Amino acid sequence: QVSCSSAGAEGRTNMARVSTLAPAVAACALITTASGALRAFTVAAPSHPTSVAHTGGRLRGRTQLEGRTQASAAGRGEVPLALGAAALAAAGAASQRRSRRNLGATSRQAFAVGSEVVWNGKPGTVRYVGPTKFAAGEWIGIELKNPEGVHTGTVMGVEYFECQERHGVFALPATLGGETPEPAAAPVAETPETPTTQGSLLCVGAKVAWNGKDGVVRYVGKTKFAGGDWIGVELETPSGLHNGTVMGVSYFECPPAHGIFANPSALESTAPPASPAASGADVQVAEGDRVMWKGTEGVVRYVGSTKFASGEWVGVELNTEGGMHNGTVMGVSYFDCPPRKGIFCQSAALTVLSEATAHVGQPSPQNQFGFRESPERLTDAKPFLDGIDIFIFDCDGVIWRGDSLIDGIPAVLDKLRAAGKRCFFVTNNSTKSRKGYKAKFDSLGLDVPPEEIFSSSFAAAAYLEQTKFKDSGKKVYVIGEKGIGEELDLIGVPWFGAEADKGKEPYMGSGGKLDQDPDVGAVVVGFDRNVNYYKIQYAQLCINENQGCQFIATNTDRVTHLTDAQEWAGNGSMVGAIKGCTGQEPTVVGKPSPLMIDYLEEKYKIPSRKRICMVGDRLDTDILFGRNNGLQTCLTLSGVTSEELLLSPDNSITPDVYVSSIADFYP
């Protein structure tokens, strides 16, 4: 029996229906009020009366049972509250799995907005209860007492609640405790909310089903958006929430709207990943072996059994941050490596490049960063060109310097296209949009269509579009030139600043202050030849005082090419000014961020990154961008990097090959 009171507009009590419950246990269920609102509450078996109070927009129940347990809602049918225990028993027999998917509040106590809770030993207050866009299921949004969280209540551009910086977290109900939990004498044993006992479900590569949709596990481990361990799944159909990136952190890669994160209990295993024996590819590996995993090189750090899945697993420290963890999975440390450089896989997924014993007494062909010790100057270009299908060219220092075309470029591009190669042009210079760069190519006599041009101004707009910033209703403040604004106009995102703030000066007399627009939800910092104190102050006010305001940098290049006579201070100086006064690190969307290559790979269905070559003149952006994303790399000496710097023992980033200019492709 249950009594539910919900004050309507005239103060009358609304009738409610309860989803069918399993017998003789306390449960969380959903009720539908007369107004159509869904609410979660705790209900007891018919023989134990329960009083449920509807307050503050949420229902909180206090059972008179001395023990509690998690129970489940019955299939799809709903029955009147007066149904007896026999009907409840019949309806609840097959309900266990469905309850976990449909009822978020399946913990030992119901959580209401305003209630005090404990998360990972840290006290806080519930500010939100409901579904989210970053992961499936019902979530509890918590404002912690101290700055020990991960956000401000805004995740992926969606504001769920408001709190101070690093005071917000999201958690599943089962991971929370109340500050004053009710005593429980002789509690009924409950179904544990722990990872499934099916080891294969927790393996990267395992086939699973989520809400009836098939997918493949791509990530297992901790996340920054919520506490606990999570399973990242790539669905077969575009019925997910993201592309594997949440809150600017890439956990795995998949097409847009194909990715979801779920608790292990929300997944069903449909087929385990193929073992080395089953695949017929029994690869023998040992600790210290240098291996290749999905186009990325690394070193074997662990071989053996694990607690997260059955069978033998290989732990690899990757050379670049394309991994999933730091060698610790679900609280167990198997090896140590920097964050996001560790992965676990089965040996069949690896290619052995060199065995550990082969290096005894011999110098390693690679340095500590995983790059070649001695880069190779390209002398015979034909074998190299035969292995490449797509060339991605940086522009400044590769195609032109300032407004001057580098010798031999038109002929090289013509020959590459005649050989069936696709060419794309990327630039970290944000002063122009794609339309503006098309005009520059035309002025230099190069026929390049707009769809082959990718500027960092376009990357900033693409990032905001991907994270659905427009849906937030917020504005963007721009430090930069017209290229960023033109790209934002194309996606319909309101913005201001940039060239309009060129000559502004803040009043700094007695009582002087600068008021920022509270509706600014992102500050985009691009190269700006008219940067001034007004712009810096306005940006820091938005980032420091507008909760959830994003700090986005088109790039952090140290220098740039404004003329062919010398180097000029690059966007890194503008970004550095904002970092200095906000203490915040930006989300970088240009090189070496993977956003551009992810976009190209998805749009043009590129089958293998190893047949793509990144050609650039900068080690710390162009070459690092290529290496971090599994591409072939070619450095040109026609820009900012000299051969002396490249071959210096102090240089830790080296390309696969280097040339004086790309004219060396066809000498």
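**Helices H9 and H10 on a parallel sheet**

Helix H10, residues 571–582, lies across strands S35, S37 and S38, and runs at about 160° to S38. The model is a predicted one. The strands under discussion belong to an open sheet of five, paired in parallel. A second helix, H9, also lies across part of this sheet, and H9 packs with H10.

**Sheet**

- The strand order is S36-S35-S37-S38-S41.
- Strands S36 (495–497) and S41 (587–588) are the edge strands; each has a single partner strand, so one side of each lacks a neighbour in the sheet.
- Strand S37 (residues 520–525) runs parallel to strand S38 (residues 550–553), and four bridges join the two.
- Within this pair, Val-524 is placed opposite Ile-552 of S38.

**Helix H9 on the sheet**

- Helix H9 spans residues 533–545 and lies across S35 (475–479), S36, S37 and S38.
- The direction of H9 is at about 145° to that of S35.

**Contact between H9 and H10**

- The axes of H9 and H10 are 9 Å apart, and the packing angle is about 50°.
- Angles from 65 to 115 degrees count as roughly perpendicular and those under 35 as roughly parallel; H9 and H10 are therefore oblique to each other.
- The crossing of H9 past H10 is right-handed.
- On the H9 side, the contact is made by Ile-536, Ala-539, Gln-540, Ile-543 and Asn-544; on the H10 side, by Ala-577, Ile-578, Cys-581 and Thr-582.
- Sorted by class, this contact has six nonpolar residues, three polar ones and no charged ones.

How values were computed. Residues are numbered from 1 along each chain as its sequence is written. This is a predicted model: local features need pLDDT of at least 70, side-chain atom pairs count only at pLDDT 80 or more; totals for chains, interfaces and linings use all residues. Side-chain values use heavy atoms; hydrogens and water are left out. Two strands pair if DSSP finds at least two bridges between them. Contact means heavy atoms within 4.5 Å. Axes are lines fitted to C-alpha atoms, for helices over the stretch in contact, and angles run from 0 to 180 degrees between N-to-C directions. Angles under 35 degrees count as roughly parallel, over 145 as roughly antiparallel, 65 to 115 as roughly perpendicular and the rest as oblique. A crossing is left-handed if the near helix is turned anticlockwise from the far one by less than a right angle, and right-handed if clockwise. Ala, Val, Leu, Ile, Met, Phe, Trp, Tyr, Cys and Pro count as nonpolar, Asp, Glu, Lys and Arg as charged, and the others, Gly among them, as polar.
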